[in-house]
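Morning, everyone. One structure today, and I'll keep it brisk. Here it is on the screen.

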Amino acid sequence: MGIVAEVRIDKSGRVVLPAKLRRAANITEGKAIAVAYPGRIVIYQPKVDKEEIEEWYRKVRRMVLEVKEVAREVKWLDEEYVWRKLGL
């Protein structure tokens, strides 16, 4: 199991995530998080922001791939279409 932390809510409704948990999840100041409430359990997970997606995109563009054989037809997606589907 990952990191488990018990946190308390202050009178203003704020929750402080322990530093160990923030570091493990790469949650930094100003970063948005998603909060889900499925039943009685609250789950916090980092929300990917546009800068992270752009960084990932730059890394992928620099990769050199060698295609040895294509077994079936390959469908390529337009870059603008992908950004639109990601909501960015």
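What percentage of the protein's residues count as buried? Of the 88 residues, 6% do. Keep in mind that this is a predicted model.

Now the fold. We have three helices and two strands. Going along the sequence, they come in the pattern α-β-β-α-α.

Next, the pocket. The largest pocket holds about 480 Å³ of space. Its lining comes to 15 residues. Which of them lie nearest the centre? Trp56, Tyr57, Val60, Arg61 and Trp76.

Where does that lining come from? Two helices each supply at least two residues: α2, spanning 50-62, and α3, spanning 79-85. α2 gives the most, with five residues.

And the chemistry of the lining? By class, 12 of the lining residues are nonpolar and three are charged. There are no polar residues in the lining of this pocket.

Now to the surface. There is a nonpolar patch there, formed by Leu77, Tyr81, Val82, Leu86 and Leu88. Together these residues have about 420 Å² of accessible area.

Take one member of the patch, Leu86. Leu86 sits in the segment after α3. Why does Leu86 count as partly exposed? Because its relative accessibility is 48%, and the partly exposed class runs between the 20% and 50% cut-offs.

To recap. The largest pocket has a lining with 12 nonpolar residues, and α2 is its main contributor, with five residues. On the surface, the nonpolar patch includes Leu86. Thanks, that's my slot.

Notes. Residues numbered from 1 in each chain as written. Predicted model: local features only at pLDDT ≥ 70, side-chain atom pairs only at ≥ 80, totals over all residues. Heavy atoms only, no water. 1 Å grid on protein atoms, 1.4 Å probe; cavity = no way out; pocket = protein on both sides within 12 Å on 5 of 7 lines; lining within 4 Å. Points joined across faces, edges and corners; volume = space filled by probe spheres on them. Helix = DSSP H or I, 4+ residues; strand = E, 2+ residues; numbered from the N terminus. Nonpolar A, V, L, I, M, F, W, Y, C, P; charged D, E, K, R; others polar. Patch = residues over 30% accessible without salt bridge, like charges linked within 9 Å, V, L, I, M, F, W, Y side chains within 5 Å. Areas by Shrake-Rupley, 256 points an atom, 1.4 Å probe, with all protein chains shown as cover. Salt bridge = Lys/Arg side-chain N within 4 Å of Asp/Glu carboxyl O. Buried < 20%, exposed > 50% of the residue type's maximum accessible area, 1.4 Å probe, protein only.
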